[in-house]
Amino acid sequence: MYDIIVLGAGPAGISAALYAKRANLNVLVLFHGESQLEKAHLIENYYGFESGISGAALYKTGIAQARNLGVEVLETEATGIQYLDEKSYSVATSAGEFSAHALIIATGNKKLKPAIPGITELEGKGVSYCAVCDGFFYRKKDVCVIGNGRYALEEARHLANIANKVTILSNASDFSSEMFAEINRVSADLSGKISVDTRKIAKLSGTDHVEGVEFEDGMNLSVSGVFIALGCAGGADFAKKLGLELDGDNIKVDEKMATNAKGIFAAGNVNGGLLQVCKAVYEGGIAGLTAVEYVRGLK
């Protein structure tokens with residue numbers, strides 16, 4: 001059991017971890033995939049670098065700094081978060097499950113929308129970005145999940161306990177051999193309710209509600225619901241599953257970076273506002289200190 005788990009290893013997440021570790025708490029940082037910071041070719045408006053610094057270099061330096069201080073930093077994909085009890089949470093990852101008394105969400109918002117005709121028009125009319133939020137509306141119906149990674153599988157796993165049948169659509173993207181094996185194993189555990197279709201999607205059909213998915217080969221898959229799960233889960237995805245208040249796709253926090261759920265804090269781009277390193281570092285520091293105060297209050 002960790003004191004604090006931080007989701008995200010960018011400026012917000014690492015800053016939070018540094019403050020929490022310096023307060024002598026047991027901290028775990030989980031991260032996966034490419035950070036938005038890594039895509040910045042040159043940063044010239046952040047204090048302390050007279051000739052600027054690349055986003056990739058700043059990102060790697062931050063992780064190294066945290067590790068040098070004794071923070072445990074693990075590269076693995078977080079696929080779900082659950083309440084264990086009133087004082088702890090469990091985070092499911094591709095490397096196993098980890099628990100903590102407090103969580104700091106600093107993943108940024110990674111929600112991706114595929115360029116498929118009909119997606120935007122049918123949002124809220126059968127197109128959803130959260131299986132936990134909307135799966136109940138598709139009891140004993142056929143649905144699909146668009147995606148080809150672990151996040152898509154976790155959404156399909158949840159839906160398979162509610163829906164009649166779940167098809168994971170890769171939209172012509174490749175599944176790894178490991179993912180195929182994992183999907184087959186999960187499907188077998190769920191009486192074969194999950195299947196895979198790798199054909200290229202042409203469009204979604206339906207006017208007032210989703211009726212099906214049309215493929216470029218002219219065939220049609222009849223479904224009542226389409227769930228989008230591209231890439232890995234972002235801050236808004238976790239927030240919806242946890243019942244956190246949102247402002248659009250941004251997590252709502254108070255001046256101490258606390259959400260409406262006890263023991264859960266958020267910092268950085270996931271909160272919206274100025275999407276800059278300086279703001280992320282500031283919010284990460286506040287979130288780390290507030291989480292420390294919270295955890296100490298539990299003991």
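This is a guided tour of selections to make in the viewer, with a description of what each one shows. The model is predicted, and residues are numbered from 1 along the chain as its sequence is written.

**The parallel sheet**

Begin by selecting the five strands that form an open sheet, which run in the order S7-S14-S8-S9-S10 with parallel pairing. Its edges are strand S7, at residues 127–128, and strand S10, at residues 194–197, each of which pairs on one side only. Within this sheet, select residues 142–146 and 165–169, which are strands S8 and S9, and follow the five bridges that join them in the parallel sense. To look at a single pair, pick valine 145, whose bridge partner in S9 is isoleucine 168.

**Helix H5 against the sheet**

Now add residues 177–189, which make up helix H5; this helix packs on the sheet and touches S9 and S10, and its direction makes about 150° with that of S10. A check on its length can be made in the viewer: at 1.5 Å a residue, the 13 residues of H5 should span 18 Å, and the C-alpha atoms at its ends are 19 Å apart, which agrees.

Which residues of H5 are buried? Select Met179, Glu182, Ile183, Val186 and Ser187, which are the buried ones; because they cover an arc of only 130° around the axis, they lie on the same side of H5. Among the elements that cover these buried residues are helix H4, at residues 150–160, together with S9 and S10. Turning to the other side of H5, one finds Ser177, Glu178, Asn184, Ala188 and Asp189, which are exposed. Following the helix along the chain brings up serine 191, which comes after H5 and has a positive phi, near 60°.

**Two antiparallel hairpins**

Next, select residues 201–205 and 212–215, strands S11 and S12, which pair in the antiparallel sense over four bridges. Isoleucine 201 is a useful anchor here, since its bridge partner in S12 is phenylalanine 215. Six residues lie between the strands of this hairpin, and in it glycine 206 takes a positive phi near 130°.

Keep S12 in the selection and add residues 220–222, which are strand S13: S12 and S13 are also antiparallel, with three bridges between them. In this pairing, valine 213 stands opposite leucine 221 of S13. The hairpin of S12 and S13 has four residues between the strands, and there glycine 218 takes a positive phi near 95°.

**The loop around valine 253**

Move on to valine 253, which lies in the loop between strand S16, at residues 250–251, and strand S17, at residues 264–266. Is valine 253 buried or partly exposed? With a relative accessibility of 28%, valine 253 counts as partly exposed. Leaving aside residues up to four places away in sequence, the contacts of valine 253 are with Ala258, Thr259, Ala266 and Asn271. A distance label between the C-alpha atoms of valine 253 and isoleucine 264, which are 11 residues apart along the chain, should read 9.8 Å.

**Two cysteines**

Finish with cysteine 144 and cysteine 278. Cysteine 144 has 0% relative accessibility and therefore counts as buried, whereas cysteine 278 is partly exposed, with a relative accessible area of 43%. A search of the whole structure finds zero disulfides.

Definitions and conventions: This is a predicted model: local features need pLDDT of at least 70, side-chain atom pairs count only at pLDDT 80 or more; totals for chains, interfaces and linings use all residues. Side-chain values use heavy atoms; hydrogens and water are left out. Two strands pair if DSSP finds at least two bridges between them. Contact means heavy atoms within 4.5 Å. Axes are lines fitted to C-alpha atoms, for helices over the stretch in contact, and angles run from 0 to 180 degrees between N-to-C directions. The expected span of a helix is 1.5 Å times one less than its number of residues. Buried means under 20% relative accessible area, exposed over 50%, partly exposed in between (1.4 Å probe, protein chains only). The arc is that of the directions from the helix axis to the C-beta atoms. A disulfide is a pair of cysteine sulfur atoms within 2.5 Å.
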